[in-house]
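Hi everyone, thanks for coming. I'd like to walk you through a structure that may be new to you, so please have a look at it with me.

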Amino acid sequence: MSYDAPIPALADYIHNHQITDPSAFTSARTALLDAIGCAIETASKSPDCRAMLAPPVPGTVVPNGFRVPGTAHTVDPVKGAFDMGTLIRYLDHNDALGGKEWGHPSDNLGAILPVMAWLAQSKPHKHTDPPLTMRTLLTALIKAYEIQGVYQMSNAFNAFGIDHVILVKLASAAATSWLLGLTHAQTCAVISHVWADGHPSRVYRSAANTVSRKGWAAGDACMRAVHLALLVKAGQGGIPRVLTARPFGFWERTFGERGFDFPRALGCWTVGNVLFKIVPVEGHAVAAVEGALVQGGRLRGREGGVDGIEVVEVRTTRAAEMIISKTGVLKNAADRDHCLQFVVALALLKGAPPEVEDYWDVGPWATSAELEALRGRVVVVVDEGLTADYLDLDKKSIGSGVTVRLRDGTVLPEVLVEYPVGHVKNPATAAAVREKFWKNMRLMFTDGEVEEVLKAVEQDDLGVVEFVDLFSRGTSANSRL
């Protein structure tokens, strides 16, 4: 029995499509560095995340395993996928991509990097194709980005309560299958098991239920992708009609007979069109924060300043309103960085971009009565024009307009930001992404060590293990034997 059409289409792409556009590799290098920087920032700043790393059973020895960046841990490739994916994602600072679904394509590095590092060191495993070099790493990253991006553009998994990390699992499973040297048929089997899984509910990102699981959900998806690929490698077969079977196929329970909608063919578009998050806020809030900072500058020149605000109106996309417009009690850091009203009020009061520490329970802002009062005066208004531009593949804006009304009747004219810093169409993006990388890396590494990383990324024939070794810190009992 042949597989449902979308499944071999992905296998064809991951196995046979050649990436020839030099700009795609340039973009992939930037994306790789940004993701690594985010992982190092998390390892440096978040004790909650660090507590989830390392072998799940203390004392487990993993010869020739994956050395988790920013730590002394060495783990197997399945746990490595969880650890790496969680480090990249936990502080909500890695790149983003919008569409009818939204997500973070750099999450996929969580699966790709540990598998490649493990394969390169695993003596019993004779691996010849593809070569375990930086060029292959970049190719796998480009393709994982593209798979996630093409599915995100026109397929709203959120409409069925399914979290966007289902697409991390899909893209990572395809890329991992190729890296493991699986056949086309085996890759189809792996992909079929992705669709057969019980899929994560987005309940942990929603309103009063937002918890820190949203920070490790991508790591969980990466881990599952690697596990599925290894199960098929060990001989497990696939499910050819996993999408179209009745009554329990994936489409029967979600999209219906029409199935998925693809706006374009798989190529290399996505990696060059992500939003790099210069500030650690949910991606749909980036433009609003930028607009709020401009309005804050205007207020500092007026008597009364921020105290004179009656209402802050944020005109934004339907996606922003759905995901991050929140009223009521914010219970934790995960709740705060996913609240549009909180980050706008924070930017106005602080007079500077939010930082990850600003969301923590122990920080001054979490218990600030002044911030809470201002948050209650931030009103979110959905604008269909901004929503249409957000979904337009040519425009791909992620706009918000911020208007401030003062108690004395004065209205500070709207600041509309359609392409915030971090967007490919903003000329300040390249410099800001470089500055972010250096800032994150300096949390743990010297300037000389960072320069070595920048050199390594440009060496297509460099072994991935040599690249991974640049990021380890210390040694452990379960390090490479």
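Let me start with a word I'll need: two residues are in contact when they have heavy atoms within 4.5 Å. With that in mind, and remembering that this is a predicted model, let's look at how the protein is divided. There is a domain 1, residues 5-276, and a domain 2, residues 283-417. Their C-alpha centres lie 31 Å apart. Where they meet, 22 residues of domain 1 are in contact with 21 residues of domain 2.

How much area is buried between domain 1 and domain 2? About 1,800 Å², and carbon and sulfur atoms give 66% of that. There is polar chemistry here too: ten residue pairs are in polar contact across the interface, and the count of salt bridges between the two domains is two.

Now for some individual pairs. Asp 337 forms a salt bridge with Lys 214, with the closest N and O atoms 2.9 Å apart. Those two residues also belong to a network of salt bridges that links them with Arg 89, Asp 92 and Lys 277. Within that network, the side chains of Asp 92 and Lys 277 meet at 2.5 Å, N to O. Asp 92 sits in the loop between α4 and α5, and Lys 277 in the loop between α10 and α11, so this pair ties together parts that are 185 residues apart in sequence. Are these two buried or exposed? Both Asp 92 and Lys 277 are buried.

Let's move along the chain. The UniProt record, an unreviewed entry, annotates residues 280-456 as "MmgE/PrpD C-terminal". That stretch is 42% helix and 15% strand.

One helix in there that I'd like you to find is α14, residues 340-350. Ten of its eleven residues are buried, including Phe 342, Val 343 and Leu 346. What do the buried residues pack against? Their neighbours are the helices α11, α12, α13 and α15, together with the strands β3 and β4. Right after α14 comes Gly 351, with a positive phi near 75 degrees.

A little further on, the side chains of Glu 355 and Lys 439 meet in a salt bridge, 3.7 Å from N to O. Glu 355 is in the loop between α14 and α15 while Lys 439 is in helix α17, so the pair joins parts 84 residues apart in sequence. Here Glu 355 is partly exposed, at 34% relative accessibility, and Lys 439 is exposed, at 52%.

To finish, zooming out: the whole structure has 36 salt bridges. Thanks for listening!

Technical notes: Residues numbered from 1 in each chain as written. Predicted model: local features only at pLDDT ≥ 70, side-chain atom pairs only at ≥ 80, totals over all residues. Heavy atoms only, no water. UniProt positions renumbered as here; feature names shortened; annotations may be inferred. Helix = DSSP H or I, 4+ residues; strand = E, 2+ residues; numbered from the N terminus. Buried < 20%, exposed > 50% of the residue type's maximum accessible area, 1.4 Å probe, protein only. Domains from an automatic or database assignment. Buried area = accessible area lost by both parts, 1.4 Å probe. Salt bridge = Lys/Arg side-chain N within 4 Å of Asp/Glu carboxyl O. Polar contact = N/O pair within 3.5 Å; in protein donor to acceptor, adjacent residues only side chain to side chain.
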